[in-house]
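Q: I would like to take a close look at one part of the structure shown here. Please explain the terms along the way, as I am new to this.

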Amino acid sequence: MDLIKKLEEYRAQEQSLSWEGTFRDYLEMVKASPRIAQLAHARLFDMIMAAGVEPGKGAVGVPGYHFFDGEIYGLERSLQQVVEYFNSAAQRLEVRKRILLLMGPVGGGKSTIVSLLKRGLEAYTRSERGAVYAIASCTMHEEPLHLIPNELREDFMREYGIYIEGDLCPQCRFDLDHAHEGHIEKVPVKRIVFSEKKRLGIGTFTPSDPKSQDISELTGSIDLSTIGEYGSESDPRAYRFDGELNIANRGLMEFIEMLQVDERLLYVLLTLSQEQHIKTGRFSMI
């Protein structure tokens with residue numbers, strides 16, 4: 001193997017993933033390919049289906065999803081239920097407001113399924129079909145279409161058939177008003193690639209001692225060292241949007257041993273799943 005040549009090819013591939021432009025440029029791409037702006041559930045379902053489906057594989061009448069081939073055996077019925085969850089959620093049905101909970105004995109394949117979804121999502125966002133774009137300055141890698149005011153979204157959907165869900169995070173609202181003076185079309189946009197190691201689009205929450213577990217591990221926290229500079233704890237520049245829910249925005253978060261954590265953390269998850277927002281003490285919603 002010519003390692004130097006392989007490294008050059010790898011660098012070229014990485015450079016091809018570093019697209020940058022403005023909201024105006026992004027809007028033209030979305031018009032041409034609406035899949036770019038799909039929601040998280042739809043992206044995961046699209047990722048699984050893109051690997052191929054074999055009707056009637058394994059148990060009678062249960063399809064086989066090639067995405068799980070080579071790793072999961074004998075769980076065709078369970079995998080079908082997982083895929084059906086993503087399928088229904090991708091259509092924006094009420095099931096998307098439910099948390100996907102995998103339960104079963106030790107060694108039953110739960111962690112393997114989650115690992116496959118996370119690794120698959122990392123690879124999928126590196127492909128042209130699964131490309132994801134975000135507001136360049138946003139630590140939560142916000143969907144650029146969130147820049148479109150609510151008053152214009154209905155007309156936008158009627159014109160292009162593209163549904164917009166969610167609002168700008170406090171940081172992006174501040175940047176739009178102060179750094180870009182309200183000029184939405186000039187806001188920088190870049191392509192991103194999900195990576196659990198880089199804490200981008202994929203998060204993992206591991207419970208610890210309930211007495212020491214802090215809710216900020218999920219929702220982020222105030223950066224006290226900036227209070228003197230910005231003058232207020234509610235200034236978005238003084239907040240670290242670095243909780244697992246923040247970094248998993250638009251992607252996937254694994255919550256290990258969910259049923260054994262403190263109730264406070266479960267309330268955050270319940271609010272998130274039902275209202276599609278993260279609520280903190282300093283901001284009404286994120």
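Does Glu181 count as buried or exposed, and at what relative accessibility?

A: Glu181 counts as exposed, because its relative accessibility is 61%. Here buried means under 20% relative accessible area, exposed means over 50%, and partly exposed is in between, judged with a 1.4 Å probe on protein chains only. Before we go on, keep in mind that this is a predicted model, in which local features need pLDDT of at least 70, side-chain atom pairs count only at pLDDT 80 or more, and totals for chains, interfaces and linings use all residues. Residues are numbered from 1 along each chain as its sequence is written, and side-chain values use heavy atoms, with hydrogens and water left out.

Let us start with the backbone of Glu181. Its phi angle is near 50 degrees, a positive value in a residue other than glycine. You will find Glu181 in the loop between α7 and β5. Those labels are DSSP runs numbered from the N terminus: helices are H or I runs of at least four residues, and strands are E runs of at least two.

Arg92 gives you a second example to look at. Arg92, too, is not a glycine, and its phi is positive, near 60 degrees. Arg92 sits in the loop between α4 and α5. With a relative accessible area of 36%, Arg92 is partly exposed. The loop between α4 and α5 also holds Gly108. Gly108 has a relative accessible area of 30%, so it is partly exposed.

Now follow the chain on either side of Glu181. On one side is helix α7, residues 170-178, which supplies the largest share of the lining of the largest cavity, 3 residues. A cavity is a set of points on a 1 Å grid over the protein atoms alone, where a 1.4 Å probe fits but cannot get out; lining residues have an atom within 4 Å of a point. Among the residues that line the largest cavity are Cys172, Asp175, Leu176 and His180, joined by Ile135 and Val187.

On the other side of the loop is β5, residues 188-192, which pairs with β4 in the antiparallel sense over 4 bridges. Two strands pair if DSSP finds at least two bridges between them. Within this region, Ile135 stands opposite Val189 in β5. So Ile135 is worth a second look: Ile135 also lines the largest cavity.

What is the order of the strands in this open sheet? There are 3 strands, in the order β1-β5-β4, with antiparallel pairing. The strands β1 (20-22) and β4 (132-135) are at the edges and have a single partner strand each, so one side of each is left without a neighbour in the sheet. As background, strands of a sheet pair through backbone hydrogen bonds, either parallel or antiparallel.

Strand β4 leads us to the aromatic rings. The whole structure contains 7 aromatic pairs. In one of them, the ring centres of Tyr26 and Tyr133 are 5.8 Å apart and the planes are at 55 degrees, so this pair is tilted. Rings of Phe, Tyr and Trp (its six-membered ring) pair if their centres lie within 6.5 Å; planes under 30 degrees apart count as stacked, over 60 as edge-to-face and the rest as tilted. The pair brings together distant parts of the chain, because Tyr26 is in helix α2 (residues 23-32) and Tyr133 is in strand β4, 107 residues apart. Tyr26 is buried, with 0% relative accessibility, and Tyr133 counts as buried at 5%. Trp19 joins Tyr26 and Tyr133 in one aromatic cluster.

Another pair is made by Phe205 and Phe255: their ring centres are 4.7 Å apart with planes at 45 degrees, so the pair is tilted. This pair also links distant parts of the chain, with Phe205 in strand β6 (residues 202-205) and Phe255 in strand β9 (residues 252-255), 50 residues apart. Phe205 and Phe255 are both buried, whereas Glu181, where we began, is exposed.

Finally, try comparing separation in sequence with separation in space. Val53 and Phe67 are 14 residues apart in sequence, and their C-alpha atoms are 8.4 Å apart. Val53 lies in strand β2, residues 53-54, and is partly exposed at a relative accessible area of 33%. For Gly108 and Gln213, the separation is 105 residues in sequence and 28 Å in space, C-alpha to C-alpha.

Note on methods:
1 Å grid on protein atoms, 1.4 Å probe; cavity = no way out; pocket = protein on both sides within 12 Å on 5 of 7 lines; lining within 4 Å.
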